[in-house]
Amino acid sequence: MSAASPYLSAYDCPPTLDDGQVVEFCRNGYLMLPGVVSHEVNQRVVAHLEEVNDSYEPTPLMHERWFVDEVICNPQAAGAVRSLLGGDFLLPAIISNHRGETPKPAQGWHRDGGSRYLTDLDYLQVFYYPEECTEEIGPTDVLPGSHFLRTKANMMGHYGHIAGTVSTASPAGTIFLTVYSIWHRRGRATAEATGTRSSFRNLLKYNYWRTRPPARDWIVDPEFDFSTAIFNPPGGPLYEQFQGAIAAARLFAWLCGEPGEYDFRGGQNWPVSMTVRDGIDAPGIPATLARQRRSQQP
Ligand SMILES: O=C(O)CCC(=O)C(=O)O
Ligand SMILES: [Fe+2]
């Protein structure tokens with residue numbers, strides 16, 4: 001390792017997500033940050049991937065200060081990582097490039113190997129498109145809310161179209177963060193190589209790691225009403241009724257840290273009880289997320 005390469009170095013920066021955005025991440029399992037890397041840096045990355053290192057693991061990009069500063073520590077992307085993983089998170093050890101050829105049929109649905117299904121969030125899988133990724137060049141498809149859905153990857157690979165899937169087609173310089181276990185695949189690429197651009201779609205992928213215990217130290221929004229917030233994942237009926245919302249609320253409460261400790265008691269407990277009226281707190285909501293401080297919670 002080069003002395004200058006910050007593999008697994010601790011990094012800190014201001015958080016950029018607020019309560020509502022962290023709830024959305026818990027529901028969806030991913031967050032798009034369109035076009036956050038500059039045109040110049042995108043071009044430099046593409047040139048590197050075309051001319052210097054066209055491998056499936058161009059990890060030596062971590063030797064390049066401009067890449068680390070503008071992509072890995074990009075203020076918008078790192079700010080979102082900081083919001084979700086806390087301060088002094090660790091920078092990636094491996095950079096992968098999913099160089100998707102065009103044209104190519106869709107990949108099978110899968111979650112990446114090594115996924116864990118816990119109530120915590122200790123690592124993030126992050127993707128970066130250095131070029132515009134149109135539908136024709138086969139963007140990654142994700143299934144929002146599927147990060148809690150435990151199915152054997154070798155079974156998923158046989159599924160074809162799934163209702164509720166979303167394409168990550170986006171402009172150059174887009175970074176997106178995912179819960180590692182989200183269901184995804186490379187979508188079908190129909191474009192023929194034109195000669196004016198690469199016949200490959202470049203997509204970098206890398207992980208960040210938590211070092212600190214969870215705490216609600218992102219941008220706190222005192223107006224956010226957790227009792228009526230929607231935690232249910234979007235899209236099709238992936239879960240039995242409310243089970244997706246319960247999983248997302250449990251993850252959110254875990255991210256809030258010890259005081260947010262959450263125990264779903266069943267029935268009309270938070271977050272199932274989001275239709276509560278007249279400004280009362282949902283029963284069973286973690287005390288730090290309640291508006292009124294109650295001496296007793298159901
Ligand atoms: O290339 C893509 O869009 C996704 C690839 C992928 O998910 C994988 O190979 O694990
Ligand atoms: Fe994958």
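Colleague: How many nonpolar, polar and charged residues does the shell around ligand 1 have?
Modeller: This is a predicted model, in which local features need pLDDT of at least 70, side-chain atom pairs count only at pLDDT 80 or more, and totals for chains, interfaces and linings use all residues. Residues are numbered from 1 along each chain as its sequence is written, while chains are lettered from A and ligands numbered from 1 in the order in which they are written. His98, Gly100, Gln107, Asp112, Thr140, His184, Arg186 and Leu203 surround the ligand, each with its C-beta atom, placed from the backbone, within 6 Å of it. Ala, Val, Leu, Ile, Met, Phe, Trp, Tyr, Cys and Pro count as nonpolar, Asp, Glu, Lys and Arg as charged, and the others, Gly among them, as polar, and that gives 1 nonpolar, 5 polar and 2 charged residues.

Colleague: Which helices do the buried residues of α6 pack against?
Modeller: Helices (H or I, at least four residues) and strands (E, at least two) are DSSP runs numbered from the N terminus. A residue is buried with 20 or more other C-beta atoms within 10 Å of its own, exposed with 12 or fewer, and partly exposed in between, the C-beta atoms being placed from the backbone. In α6, 12 of the 14 residues are buried, including Ile246, Arg250 and Leu255. With contact set at C-beta atoms within 7 Å, the buried residues pack against α1 (19–28) and α4 (75–85).

Colleague: How far apart are the end C-alpha atoms of helix α6?
Modeller: The expected span is 1.5 Å times one less than the number of residues. For the 14 residues 243–256 that should come to 20 Å, and the model agrees, as the end C-alpha atoms are apart by 20 Å.

Colleague: Where does the largest nonpolar core lie?
Modeller: A nonpolar core joins buried Ala, Val, Leu, Ile, Met, Phe, Trp, Tyr and Cys residues through C-beta atoms within 7 Å. This one has 72 residues, and Val22, Val81, Leu84, Val126, Ile175, Ala249 and Phe252 touch the most other members. α6 gives the most to this core, with 10 residues. Both domains (bounds from an automatic or database assignment) contribute residues, so the core lies between domain 1 (10–209) and domain 2 (225–298).

Colleague: Which element gives the most to the side of domain 1 that touches domain 2?
Modeller: The domain centres, taken over C-alpha atoms, are separated by 29 Å. Each side is represented in the contact, with 16 residues from domain 1 and 16 residues from domain 2. On the domain 1 side, the element giving the most, with 5 residues, is α1.

How values were computed
Contact = placed C-beta atoms within 7 Å.
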